[in-house]
Each structure stands twice: as C-alpha cells, then as structure tokens.
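Reader: I've got the model open and I'd like to poke at a few of its labels. Mind walking me through the reasoning?
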Amino acid sequence: MQEINLPKVIFGTSGLGNLYVALSDDVKCAIVAESIRYSPKPAVFDSAGKYGAGLALESLGRSLTQLNVSPSDVLISNKLGWLRTTLKTPEPTFEPGVWRDLKYDAIQRICYEGILECYEQGNELLGGYQAELVSVHDPDEYLAAAKDEPDLAQRYRDILDAYCALQELKRHGKVKAIGVGSKDWRTIKKITDDVTLDWVMIANSMTVHSHPRELVEFMRELEKQGIQIINSAVFNGGFLTGSAYYNYRLTDPVKDKHLYHWRELFYGLCADYKIKPADACVAFGLNAPGVKSIALSTANAERVSQNVALAYLTIPAQFWKDMKAHGLIDEWYASAYL
C-alpha cells in the first residue's frame, strides 16, 4: 500500500468544467492560483474526464501552465471512466442540463483498454502535467445501470479489469496510488474486498445529517488497513448549506418535510453558537473515523481561502452535545466519537 501525503483540504475541479455555470478562463485561473497559494505543497486537485467532458482537466492544466507551477508542487487525481468525444447533439448526452457551454461530449469506457485510454487522454488534456492518483469514476452508477443479473456480473468484471490496468500503471511507476470514489459506500466495500487500494473517496455518505453505523464500522476497518479516506460532498449535495437539492435530487418541502425540519433545527443551533452550517458540516466530516482529507469545490476564487480555513476550525464540544440532545446526530455516534 502506497503512503501518500494528503493535505486536510483537497480542491475539487467540477467548476473548472462549467458545472451549472460557465466560468471564464480568468476566473478559473484565479481559483487555481488561490488553491496553490493557500495549500501546503503539493496542492492536491481532484478532477475527472467526466467534468465538462474533459474541460476541467484542460482548464486545470492551462491554468497551472499560465501560473508557471512546477509539476512537483501539485498532485492531481483523475477519476477515470469517461472519454471525451465529438459533440453531435445540442447538449452533452452524459449528463444533460448540468454542464454549460461544452464543445465536446463524453462516453463511458470502463474496461481494461478503456481505462488506459482515459488515462492517456487525461494527461494530454492536462498538457505537461500528469495525474498521479487514479481511480474508477462512479463504479456504483455503472453497476446500477445493469439490465439484469448477468449484465451486473459482467459490469463488475469490467470494473475489476479496469483496476488491473490501474495496477499496471502503478507497477510501472506511472502513477503513485490507486483508489475509488463512489456515492454508494457499499460499492467501495465490495471493491476493497477484491482490490488492494491506497485510498478511497466517500461521497454524500458520511455527513452530519447522514452517518450510517455500518459505514462508520467500515471506515474504521479501512483505517486499520492503512487505507486513506477522503470525505467529499459533506453538504449532502448542498442541501445542508441552503440548496433545494439533497444528494443532487430536487427536494419537495412537503414530501421531504423531515429533511427541512432537520435543517431548520440544525440552522437554529448553529445560530445559537454563531457557527456557520458549513463550519459544522466540514468539522463533522473531517473528524469522522479514518478521514485524512476533505474535498471541497468552489466556483468563486474568494471562497478558496475560506474553504481551507474551514478545516482548522474548532467547534465547541457543547454544540455537539446539543446536537445529540435534539436528536440531530445519532445517539450511538455521539457516544462513540464526540
């Protein structure tokens, strides 16, 4: 298992791929510049071929080049599995309605040859920089698209073949470490039973609102094995900080009144302690068992320094006790870790 030096905050790059809003090249460069400025070296960027059909990788490489950043001062993670292709429709086919002003489309390529193709294309898009942390992108979604049991079995073999390719890259010294990122932590567990990984990225799963006991036990197992954990999407897709989307699903104030009730109580406690909801979310997510780093994204350069500072805030112990008293965090979790 490869020991990798990860800072407390890893910089997500979906905004560089025009997620929800098309940013200018100057704004993207400013975001990258601030990320370099406020991070210990090497600054770690998390990207993917799926982000803007490669636009995020392209924008990151272009910005780093413009800023004259030494390749040794950055560590780039590329989540592999989506390959840039020609755009033949009015908008991209892979995630319609999410990305803005894209000039390319992307297709899924999860298999031995496909992952190597994604890796090579990713480095080309980075232009002079190389991804040294690699993984398979959203294997949970790939499995969920299976039509039947035989198809599910074949798709899992595809994923294992993809990891054979990544292991070869590591053996040949082309990458430093291999991992996995998934919104469904059970898929991560399934893969770690069959593949030796250096790190895992857990998304939408270990948050102040949602922290299943089984997940925490799994994270403790990973910690014992020396597998580093990156926690991401700790705002449950933005809902915990004010968005109407919970884990990227548009909520309904009537049908999802339990979510809105929880958030109202949470906001009230945060106000009592003069704590921003984002502060509590990051503190909780970063202090979960085995978590080494937290991944945060922004489309605003001025937010970068604030995001980094979040990881170093101290939340009063009484706040967590009150969260427990109001039933906002699970009794067993509060007793075990807070």
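Reader: Why is Arg84 called buried?
Author: Keep in mind that this is a predicted model. Arg84 has a relative accessible area of 13%, and buried means under 20%, so Arg84 gets the label.

Reader: And what makes Glu58 partly exposed?
Author: Glu58 comes out at 23% relative accessibility. Partly exposed runs between 20% and 50%, so that is where Glu58 belongs.

Reader: How do you know that Arg84 and Glu58 form a salt bridge?
Author: Their side chains come to 3.0 Å, N to O, and the cut-off is within 4 Å, so the pair counts. Arg84 sits in strand 4 and Glu58 in helix 2, so the bridge ties together parts 26 residues apart in sequence.

Reader: What makes Lys79 and Asp46 a salt bridge?
Author: Here the closest N and O atoms are 2.6 Å apart, again within 4 Å. That pair links strand 3, home of Lys79, to strand 2, home of Asp46, 33 residues away. Lys79 is buried at 4% relative accessible area, and Asp46 is buried at 5%.

Reader: How do you know that the length of helix 8 agrees with what it should span?
Author: At 1.5 Å a residue, its 16 residues should span 22 Å, and the end C-alpha atoms are 23 Å apart, which agrees.

Reader: Which residues of helix 8 are buried, and why say they share a side?
Author: Leu259, Trp262, Arg263, Phe266, Leu269 and Cys270 are buried. They cover an arc of only 125° around the axis, which puts them on the same side of helix 8. On the other side, Lys257, Glu264, Ala271 and Asp272 are exposed.

Key
Residues are numbered from 1 along each chain as its sequence is written. This is a predicted model: local features need pLDDT of at least 70, side-chain atom pairs count only at pLDDT 80 or more; totals for chains, interfaces and linings use all residues. Side-chain values use heavy atoms; hydrogens and water are left out. Helices (H or I, at least four residues) and strands (E, at least two) are DSSP runs, numbered from the N terminus. The expected span of a helix is 1.5 Å times one less than its number of residues. Buried means under 20% relative accessible area, exposed over 50%, partly exposed in between (1.4 Å probe, protein chains only). The arc is that of the directions from the helix axis to the C-beta atoms.
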